[in-house]
Amino acid sequence: MSDIRLEVKGLKELQKKLTKEVIVQPFNAGIKKITLALQREVTVATPSITGRLRASITPKLTEENGIFQGLVGTNVLYATSVEYGTQPHIIRPKTKKALRFFIGGQEVFAKFVRHPGSQARHVTEGSSVRVKGEGMFAFGLKQVQEKMGEYLKEIGLAIEQRWNK
């Protein structure tokens with residue numbers, strides 16, 4: 001039986017260069033940039049009547065073992081209805097005997113309303129036109145995915161610059 005011996009030249013130097021500063025910090029900076037880009041795309045694409053939903057789109061960076069994870073979300077309950085649309089449904093009063101609303105300036109009372117449902121929707125930047133069939137998060141994610149190659153290239157260049165120091 002013969003022995004095989006393997007020697008890696010420069011292993012100690014390689015281990016010295018593989019530091020948090022060289023690898024993890026540029027990676028985390030990239031994750032932060034991508035997360036903020038997604039927040040911007042989703043916010044711009046969010047339909048707005050009162051501004052509440054649009055203002056609620058927030059980024060969150062979490063860290064586990066020194067590595068960032070980016071999340072973008074909202075705490076507004078009706079956001080899922082805007083993102084995915086709704087099926088036709090009946091709206092009934094929760095605390096009163098009747099619903100009250102206005103049609104053409106005329107006050108109307110009703111025991112229930114048959115809502116026809118709605119499609120998912122988003123708006124395009126610089127426009128108030130609502131695009132139906134795709135929600136603001138799906139649209140925003142698609143926009144960021146189209147630029148992902150650029151973001152990854154930036155991360156790679158940042159690591160390479162630190163590596164060559």
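## Salt bridges

Lysine 142 counts as partly exposed, at 39% relative accessibility, and this residue forms a salt bridge with glutamate 134 in which the closest N and O atoms are 2.7 Å apart. The model discussed here is a predicted one, and five salt bridges are counted in it. Salt bridges that share partners join Arg40, Glu41 and Lys147 into one network.

Within that network, lysine 147 pairs with glutamate 41, with the closest N and O atoms 3.2 Å apart. Lysine 147 lies in the loop between α5 and α6 (148–163) while glutamate 41 belongs to helix α2, so the pair ties together parts that are 106 residues apart in sequence. The two partners are placed in unlike surroundings: lysine 147 is partly exposed, at 31% relative accessibility, whereas glutamate 41 is buried, at 8%. A further salt bridge links arginine 100 with glutamate 107, where the closest N and O atoms are 2.4 Å apart; here arginine 100 counts as exposed, at 57% relative accessibility, and glutamate 107 as partly exposed, at 38%.

## The surroundings of glutamate 41

Which residues surround the buried glutamate 41 once its neighbours within four places in sequence are left aside? Glutamate 41, whose place is in helix α2, is in contact with Gly140, Gln143, Val144 and Lys147. Lys147 in this list is also the salt-bridge partner of glutamate 41, and Val144 is named among the residues with the most contacts inside the largest nonpolar core.

## The nonpolar core

The largest nonpolar core has 15 residues, and those with the most contacts inside it are Leu38, Val42, Leu53, Met136, Val144 and Tyr151. Two or more residues of this core are given by each of the elements α2 (24–45), α4 (79–84) and α5 (136–146), and the largest share, five residues, comes from α2.

Tyrosine 151, one of the residues with the most contacts inside the core, touches Lys33, Ile34, Ala37 and Val144 when residues up to four places away in sequence are not counted. Phenylalanine 137 lies in helix α5 and, leaving aside its neighbours within four places in sequence, is in contact with Val42, Ile57, Val72, Gly73, Thr74 and Glu83. Phenylalanine 137 can also be set against threonine 43, from which it is 94 residues apart in sequence but 8.7 Å apart in space, C-alpha to C-alpha.

## Valine 24 in helix α2

Is valine 24, whose relative accessibility is 17%, buried or exposed? Valine 24 has its place in helix α2 and counts as buried, because a relative accessible area of 17% falls under the 20% cut-off. Valine 24 touches Thr19, Gly66 and Ile67, not counting residues up to four places away in sequence. Between valine 24 and arginine 162 the separation is 138 residues in sequence and 11 Å in space, taken from C-alpha to C-alpha.

## Strands and turns

Strand β4 (residues 99–103) and strand β5 (residues 106–110) pair in the antiparallel sense over five bridges, and isoleucine 103 stands opposite glutamine 106 in β5. The hairpin of β4 and β5 has two residues between the strands, and in it glycine 104 takes a positive phi near 60°. The salt bridge between arginine 100 and glutamate 107 can be read together with this pairing, given that β4 covers residues 99–103 and β5 covers residues 106–110.

A positive phi is also found at asparagine 65, about 55°, although asparagine 65 is not a glycine. Asparagine 65 lies in the loop between β1 (58–64) and β2 (67–73), and its relative accessible area of 77% makes it exposed.

## A nonpolar surface patch

On the surface, Leu6, Val8, Leu11, Leu14, Leu18 and Ile23 form a nonpolar patch, with about 560 Å² of accessible area together. One of these residues, leucine 11, is found in helix α1 (residues 11–17) and is partly exposed, with a relative accessible area of 39%.

Conventions. Residues are numbered from 1 along each chain as its sequence is written. This is a predicted model: local features need pLDDT of at least 70, side-chain atom pairs count only at pLDDT 80 or more; totals for chains, interfaces and linings use all residues. Side-chain values use heavy atoms; hydrogens and water are left out. A nonpolar core is a set of buried Ala, Val, Leu, Ile, Met, Phe, Trp, Tyr and Cys residues joined through side-chain atoms within 4.5 Å. Buried means under 20% relative accessible area, exposed over 50%, partly exposed in between (1.4 Å probe, protein chains only). Helices (H or I, at least four residues) and strands (E, at least two) are DSSP runs, numbered from the N terminus. Contact means heavy atoms within 4.5 Å. A salt bridge is a side-chain nitrogen of Lys or Arg within 4 Å of a carboxyl oxygen of Asp or Glu. Patches are made of residues with over 30% relative accessible area and no salt bridge: like charges are joined within 9 Å, nonpolar side chains (Val, Leu, Ile, Met, Phe, Trp, Tyr) within 5 Å. Accessible areas come from the Shrake-Rupley method with a 1.4 Å probe; for residues, only the protein chains shown count as cover. Two strands pair if DSSP finds at least two bridges between them.
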